[in-house]
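Visitor: Could you take me closely through a single part of this model, and then show me how that part fits into its surroundings? I would like one connected account rather than a list.

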Amino acid sequence: MGVALLLRDTRDRKSERPYDRVDNDAVQLLGILMVPVTVLLGLWLAAYGYITPGGGFQGGVVLAAGLVLLWAAGRYRAYRAASPMELVELAEGVGAGGYVVVGLAALVSGAPFLHNLLGPGDFGTLLSGGSIPLLNWAAAIEVAAANVLLFHEFFEEYVLSLRSRR
Amino acid sequence: MIPLQVVLLVLMGIVGTTVVLARDPLRQAIVNSVYGLVAVLLFVVFQAPDVALSELVVGTVAMPLVLLVAILKVRRKGGR
């Protein structure tokens with residue numbers, strides 16, 4: 001049964017994506033206005049994560065939520081156009097790999113894994129974390145991409161069921 | 001312990017019970033996000049803003065989305 005589940009035809013075809021639109025003007029306007037705000041909030045959370053509350057994980061999830069808002073308030077096609085799967089999968093790899101690379105860079109130079117090579121920087125500024133900002137951004141990219149991939153799998157099930165209903 | 005903490009702890013218990021008592025999965029998903037919101041307030045009041053932010057993004061964005069789509073999918077299958 002597991003094999004059948006994996007092998008069944010769920011491939012996404014670009015020409016078969018549904019044309020859907022939100023009929024409610026208020027939802028549409030508010031949702032579209034929220035998209036840039038949400039994306040900016042996500043970037044801010046990731047960038048200032050080690051100074052103020054927040055961090056790579058929270059920023060990443062908020063970034064992914066901004067993308068999903070595109071569908072919730074706009075169109076599925078717009079959402080898919082904004083998140084091409086090749087790019088998202090690449091970003092997921094880069095995020096996870098980046099974390100390991102930062103850790104291994106310390107190991108290669110003779111320090112323990114994830115040891116800070118960049119110095120402490122100035123207290124309370126964006127450059128105060130040494131290698132922490134790099135790790136933070138790696139985590140943000142990884143989490144955002146992973147969430148988009150996850151949402152994508154769920155949405156595809158839903159969208160496919162829309163298609164087969166017609 | 002300040003009064004606000006007590007109020008939120010009690011509220012947490014009440015909303016948690018409500019989540020369990022709501023038998024309809026769709027209703028449960030919505031009440032569950034209210035539960036998440038109360039948890040966020042609780043974390044803020046107990047001075048854990050980092051945890052509050054995590055709970056906020058996961059409880060109000062990731063979980064309801066995945067739950068809603070899953071419920072819709074199951075309902076559609078069951079209806080046919």
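Guide: In this predicted model, Q58(A) sits in helix α3 of chain A. The residue counts as buried because its relative accessibility is 5%, where the cut-off for that class is under 20%. Leaving aside its neighbours within four places in sequence, Q58(A) is in contact with L45(A) in its own chain, and with D50(B), L53(B), S54(B) and V57(B) across in chain B. A look at Q58(A) therefore leads to the interface, given that its partners include residues of both chains.

Taken as a whole, that contact draws 18 residues from chain A and 15 residues from chain B. Together with F154(A) and Y158(A), Q58(A) supplies 29% of the area that chain A buries against chain B, more than any other three residues. The area buried between the two chains is about 1,600 Å², and carbon and sulfur atoms give 76% of it. As for charged and polar pairings, the count between chain A and chain B is 0 salt bridges, while 2 residue pairs are found in polar contact across the interface, both at pLDDT 80 or more.

On the side of chain A that touches chain B, the elements giving two or more residues are α3 (56–73), the helix that holds Q58(A), and α6 (132–165). Of the elements on this side, α6(A) gives the most, with 9 residues. Sorted by class, the side of chain A that touches chain B comprises 12 nonpolar, 4 polar and 2 charged residues.

The helices α3 and α6 of chain A also appear in the interior. In soluble globular proteins, nonpolar side chains tend to be buried together. Here the largest nonpolar core has 20 residues, and those with the most contacts inside it are W71(A), Y79(A), V148(A), F151(A) and F155(A). At least two residues of this core come from each of α3, α4 (76–82), α5 (85–108) and α6 of chain A, and likewise from α3 (49–79) of chain B, so that the core, being a set of buried residues joined through side-chain atoms within 4.5 Å, takes in residues of both chains. The helix α6(A) gives the most to this core, with 7 residues.

V148(A) offers a view of the core from one residue: not counting residues up to four places away in sequence, V148(A) touches A64(A), L67(A), Y79(A), S83(A), M85(A) and V88(A). A second, separate core of 7 residues includes L8(B), M12(B), V15(B) and A39(B).

The two chains that frame Q58(A) can then be described in turn. Chain A has 6 helices and 0 strands, and its elements run α-α-α-α-α-α from the N terminus on. Buried residues make up 39% of its 166 residues, and of the contacts in chain A with a separation of 6 or more, 68% are accounted for by residues 24 or more positions apart. Chain B has 3 helices and 0 strands, in the order α-α-α from the N terminus on. Of its 80 residues, 36% count as buried, and among the contacts in chain B between residues at least 6 apart in sequence, 52% join residues at least 24 apart.

Definitions and conventions:
Residues numbered from 1 in each chain as written. Chains lettered and ligands numbered in written order. Predicted model: local features only at pLDDT ≥ 70, side-chain atom pairs only at ≥ 80, totals over all residues. Heavy atoms only, no water. Contact = heavy atoms within 4.5 Å. Buried area = accessible area lost by both parts, 1.4 Å probe. Salt bridge = Lys/Arg side-chain N within 4 Å of Asp/Glu carboxyl O. Polar contact = N/O pair within 3.5 Å; in protein donor to acceptor, adjacent residues only side chain to side chain. Helix = DSSP H or I, 4+ residues; strand = E, 2+ residues; numbered from the N terminus. Nonpolar A, V, L, I, M, F, W, Y, C, P; charged D, E, K, R; others polar. Buried < 20%, exposed > 50% of the residue type's maximum accessible area, 1.4 Å probe, protein only.
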